[in-house]
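Here is a friendly walk through one structure, strand by strand and helix by helix. Keep the 3D view open as you read.

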Amino acid sequence: MKKWITSGGCKIHQVTKGRSNSYLVLDGDISILVDTGLENSRKELMKKLNDLLGGNDLSYLVLTHAHYDHIENTAIIKEKYGSKTVIQSNEAENLRQGNFLIPNGTNILTRIVVGVGKRIGRLTTYKKIFSHIVVDYNYSLSPKCHLVHTPGHTSGSMSLIVDDEVALVGDAMFGVFWWSVFPPFADDVPAMIRSWGKLLNTGSKLFLPGHGTENSRELLEKQYNKYRAKYI
Ligand SMILES: [Zn+2]
């Protein structure tokens with residue numbers, strides 16, 4: 001699976017792919033898992049983590065947001081490694097309740113899907129998790145890794161900035177199409193576009209999303225300029 005090394009020596013390993021991506025970031029002795037994916041990727045995730053950590057503890061478990069497809073393995077990882085879970089304050093309660101409302105669609109197809117889901121009042125559910133660290137805006141996890149609040153996809157979405165070079169962005173953007181970073185679901189599109197501006201301001205060159213493959217700075221700049229004119 002893919003691996004990136006920043007100029008300051010931080011290592012970023014992709015640990016699951018397919019429907020949802022998870023990444024392990026290593027900054028010296030500090031290890032940070034970003035998102036835990038779906039239950040059906042559990043075996044692969046646990047094995048990869050075991051190999052990469054080589055018997056060491058996992059320092060932090062960062063959840064970019066509380067949608068089920070990013071957190072279904074959180075409870076089991078917390079239990080095994082005793083890591084501190086980190087979530088943004090707007091979503092800490094969802095984690096404690098073990099559910100999350102379906103987000104808004106951003107295109108005709110996802111709007112229809114969401115409309116049907118909301119009419120039958122469906123919530124997505126998962127095992128309840130009691131978080132250890134609740135973040136508001138910015139939070140430093142290690143000398144070269146910090147979290148920033150990047151709302152829009154959900155109000156409590158967060159991104160991890162590694163060495164001011166690589167940003168792990170959850171669903172703040174999508175990596176499935178080569179021509180677009182626009183995710184199919186977002187609760188607040190103008191807020192999400194402003195978050196893209198915030199991410200560009202970190203100086204990051206590469207943006208690793210929760211779904212699909214990495215986005216370049218060039219693509220994000222193009223998309224930001226296009227949608228900024230329309231939404232902000
Ligand atoms: Zn999501």
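Which residue stands opposite histidine 149 in β12? The residue facing histidine 149 there is methionine 158. Before going further, please bear in mind that this is a predicted model.

**Strands β10 to β12**

The pair just mentioned belongs to an antiparallel pairing of β11 with strand β12 (residues 158-162), made over five bridges. On β11 (residues 145-149) there is also a link to β10 (residues 138-142): four bridges join these two strands, and they run antiparallel. Within that link, asparagine 138 has valine 148 of β11 opposite it. The turn is short to describe: β10 and β11 make a hairpin with two residues between them.

**The seven-stranded sheet**

Now for the open sheet, which consists of seven strands in the order β1-β2-β3-β4-β5-β6-β9, with mixed pairing. At its edges are β1 (3-5) and β9 (133-135), each of which pairs on one side only. From one strand to the next, the twist averages 20°.

A helix covers part of this sheet. Helix α1 (residues 42-53) packs on it and touches β2, β3 (22-27) and β4 (30-34), and the direction of α1 makes about 155° with that of β2. The twelve residues of α1 reach 16 Å from first C-alpha to last, close to the 16 Å expected at 1.5 Å a residue. After α1 comes glycine 54, with a positive phi near 50°.

As general background, strands of a sheet pair through backbone hydrogen bonds, either parallel or antiparallel. At the β1 end of this sheet, β1 and strand β2 (residues 11-16) run antiparallel and are joined by three bridges. The next pairing, β2 with β3, is antiparallel too and has five bridges. The bridge partners picked out for these two pairings are set out below.

| Residue | Bridge partner | Strand of the partner |
|---|---|---|
| tryptophan 4 | isoleucine 12 | β2 |
| isoleucine 5 | lysine 11 | β2 |
| histidine 13 | leucine 24 | β3 |

Each of these pairings is also a hairpin with a glycine worth a look. The hairpin of β1 and β2 has five residues between the strands, and glycine 9 in this hairpin takes a positive phi near 90°. In the hairpin of β2 and β3, again with five residues between the strands, glycine 18 has a positive phi near 100°.

**The nonpolar core**

How many residues make up the largest nonpolar core? The count is 53, and the residues with the most contacts inside this core are Val25, Ile32, Val62, Leu160 and Val162. Isoleucine 32 shows how distant parts of the sequence come together: not counting residues up to four places away, isoleucine 32 touches Val25, Ser59, Tyr60, Val62, Leu141, Cys145 and Leu160.

**Around α4 and β9**

Helix α4 lies across β6 (84-88) and β9, running at about 125° to β6. Arginine 96 is part of this helix, which spans residues 89-97. Is arginine 96 buried, exposed or partly exposed? Arginine 96 has 14 C-beta neighbours inside 10 Å, so it counts as partly exposed, since a buried residue would need 20 or more and an exposed one would have 12 or fewer. Beyond its neighbours within four places in sequence, arginine 96 is in contact with Lys128 and Phe130. Between the C-alpha atoms of arginine 96 and isoleucine 129 there are 5.2 Å, although 33 residues separate them along the chain.

Histidine 132 sits in the loop between β8 (123-125) and β9. Histidine 132 is likewise partly exposed, because 14 C-beta neighbours lie inside 10 Å. Setting aside its neighbours within four places in sequence, histidine 132 is in contact with Lys84 and Thr85. From histidine 132 to asparagine 94, C-alpha to C-alpha, the distance is 14 Å, with the two being 38 residues apart in sequence.

**A pair of helices**

Finally, turn to α6 (residues 189-201) and α7 (residues 217-231). These helices pack at an angle of about 145°, and their axes are 10 Å apart. The crossing of α6 past α7 is left-handed. On the α6 side the meeting residues are Val189, Pro190, Ile193, Trp196, Gly197 and Leu200, while α7 brings Leu220, Glu221, Tyr224, Tyr227, Arg228 and Tyr231.

Technical notes
Residues are numbered from 1 along each chain as its sequence is written. This is a predicted model: local features need pLDDT of at least 70, side-chain atom pairs count only at pLDDT 80 or more; totals for chains, interfaces and linings use all residues. Two residues are in contact if their C-beta atoms, placed from the backbone, lie within 7 Å. Two strands pair if DSSP finds at least two bridges between them. Axes are lines fitted to C-alpha atoms, for helices over the stretch in contact, and angles run from 0 to 180 degrees between N-to-C directions. A nonpolar core is a set of buried Ala, Val, Leu, Ile, Met, Phe, Trp, Tyr and Cys residues joined through C-beta atoms within 7 Å. The expected span of a helix is 1.5 Å times one less than its number of residues. A crossing is left-handed if the near helix is turned anticlockwise from the far one by less than a right angle, and right-handed if clockwise.
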